[in-house]
Amino acid sequence: MVNKFGSLSLQGKSIGQLTFAGRNLVGANADVAVAMLNVNNTLNTENVTPQAGFDFGIPFKTPLKLVDAKIIAGTARSNQRSGVRVATKTGILLPMSDAKTDTLPEEEYDAVFVSGKDKTVHGRVRSADAFDSHDLVLYSVSPNYKTDNRGEVVRDDYDEPIISNYQFNFIQQSKSGDIGNDDNIVRILVGSAESERLQAGLKPGDKLVPQGLKFAFAGNDATDWTVYADTLVELDEKASEKPTSNQSKTTTNQADKAKG
């Protein structure tokens, strides 16, 4: 499967200020208790599967913090027969006064989790949980065409199909040759103009490092995750150094916008 990543570590504090709203039951059999949380004192909510023993009887609007959180593929209550999966958040919910913090250092959360066509940011995640960004070997590039509400390809005034972005398809070098591994492919989407600039001179086997990573959850029969990048840079001595300066600045700004 393309982009089949088990889970992504999520930085709880990057979601925003969380307050308890109530308890809800989810899952295929409606047997998983989740905490409903309001975000930044708005009507936007997040569902989080908390640690065992979490007190669902705490008062409404109790401030909480989320520690050592993850985003995983959960089972959808509806459409479960067709194998549809949903993004499910898990973690430890604690009073704001608790001293516990994330096990991972802050700089490890180097990408963002997004949703919707406008790529709304919902927090910072750890890209290394998905793949090693320095382990990607390019084998193909192909366009994705813009479609309308009926799924028909949208064409320009010259009847040419409009390209929305390009998919850069990679093999993870460290897993190359493992015939028992069918989840070796990483597909990264890059905007049309940037892709066309990048493609000049590219060839199979080039090693490219994504910059400005964004992860969205798809959860269909082809892929669990959609991955976007602002750009890709050739892997060289300079790129081999941890490419977090610009990327962290980008993701931090995006996450700050999400906090309001």
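**Exercise 1. Asp 159 and its loop**

Find where Asp 159 sits in this predicted model, and work out what is unusual about its backbone.

*Solution.*
Step 1: Locate the residue. Asp 159 belongs to the loop that links E9 and E10.
Step 2: Check phi. For Asp 159 the angle is positive, about 65°, even though the residue is not a glycine.
Step 3: Recall the general rule. Most residues other than glycine have a negative phi.
Step 4: Look for another case. Lys 61 is also a non-glycine residue with a positive phi, near 70°. Lys 61 sits in the loop between strand E4 (45-49) and E5.
Step 5: Ask about exposure. Lys 61 has a relative accessible area of 42%, so it counts as partly exposed, given that this class runs between 20% and 50%.

**Exercise 2. Lys 146**

Stay in the loop between E9 and E10, and describe the surroundings of Lys 146. Is Lys 146 buried or exposed, or something in between?

*Solution.*
Step 1: Place Lys 146 in the loop between E9 and E10.
Step 2: Read its accessibility. The relative value is 44%, so Lys 146 is partly exposed.
Step 3: List its partners. Setting aside neighbours within four places in sequence, Lys 146 contacts Glu 152, Val 153, Val 154, Ile 162 and Ser 164.
Step 4: Take one of those partners and look at the spacing. Lys 146 and Ser 164 are 18 residues apart along the chain, with 5.1 Å between their C-alpha atoms.

**Exercise 3. The largest pocket**

Ser 164 turns up again here. Describe the lining of the largest pocket, then say which element gives the most residues to it.

*Solution.*
Step 1: Start with volume, which is about 750 Å³ for the largest pocket.
Step 2: Turn to the lining. It has 27 residues, and the ones nearest the pocket's centre are Ser 164, Asn 165, Leu 189, Thr 226 and Tyr 228.
Step 3: Map the lining onto elements. Those giving two or more residues are strands E9 (136-145), E10 (163-172), E11 (185-191), E13 (214-217) and E14 (225-228).
Step 4: Pick the top contributor. That's E11, with four residues.
Step 5: Sort by class. The lining has 11 polar, 10 nonpolar and six charged residues.

**Exercise 4. The nonpolar cores**

Which residues of the largest nonpolar core touch the most other members? Follow one of them through its contacts.

*Solution.*
Step 1: Look at the core. It has 39 residues, and Phe 131, Phe 170, Ile 188 and Phe 215 touch the most other members. The biggest contribution to this core comes from strand E5 (residues 63-75), which supplies four residues.
Step 2: Follow Ile 188. Beyond four places in sequence, it touches Phe 131, Leu 136, Tyr 166, Gln 167, Phe 168, Phe 170, Pro 210, Val 227, Tyr 228 and Ala 229.
Step 3: Don't miss the other core. Apart from the largest one lies a core of six residues, among them Val 114, Val 121, Ala 216 and Tyr 228.
Step 4: Put this in context. In soluble globular proteins, nonpolar side chains tend to be buried together.

**Exercise 5. Three residues to compare**

Classify Ser 195, Gly 123 and Ile 185 as buried, partly exposed or exposed, then list what each one touches.

*Solution.*
Step 1: Ser 195 is in helix H1 (residues 192-199). Its relative accessibility is 0%, so Ser 195 is buried. Not counting residues up to four places away, Ser 195 touches Tyr 166, Phe 168 and Val 190.
Step 2: Gly 123 is part of strand E8 (residues 120-125). With a relative accessible area of 0%, Gly 123 is buried too. Its contacts beyond four places in sequence are Leu 10, Ser 14, Ile 15, Ala 111, Val 112 and Phe 113. With Ser 14, the sequence gap is 109 residues, yet the C-alpha atoms are 4.8 Å apart.
Step 3: Ile 185 is in strand E11. At 25% relative accessible area, Ile 185 is partly exposed. Past four places in sequence, Ile 185 meets Met 1, Val 2, Asn 3, Tyr 139, Phe 170 and Ile 171.

**Exercise 6. The whole chain**

Zoom out: how many helices and strands does the protein chain have, and what share of its residues is buried?

*Solution.*
Step 1: Count the elements. There are three helices and 15 strands.
Step 2: Check burial. Of 260 residues, 40% count as buried.
Step 3: Look at contact range. Among contacts with a separation of 6 or more, 62% join residues 24 or more positions apart.
Step 4: Finish with the surface. The chain exposes about 14100 Å², and carbon and sulfur atoms supply 49% of that.

Note on methods:
Residues numbered from 1 in each chain as written. Predicted model: local features only at pLDDT ≥ 70, side-chain atom pairs only at ≥ 80, totals over all residues. Heavy atoms only, no water. Core = buried A, V, L, I, M, F, W, Y, C linked by side-chain atoms within 4.5 Å. Buried < 20%, exposed > 50% of the residue type's maximum accessible area, 1.4 Å probe, protein only. Contact = heavy atoms within 4.5 Å. Areas by Shrake-Rupley, 256 points an atom, 1.4 Å probe, with all protein chains shown as cover. 1 Å grid on protein atoms, 1.4 Å probe; cavity = no way out; pocket = protein on both sides within 12 Å on 5 of 7 lines; lining within 4 Å. Points joined across faces, edges and corners; volume = space filled by probe spheres on them. Nonpolar A, V, L, I, M, F, W, Y, C, P; charged D, E, K, R; others polar.
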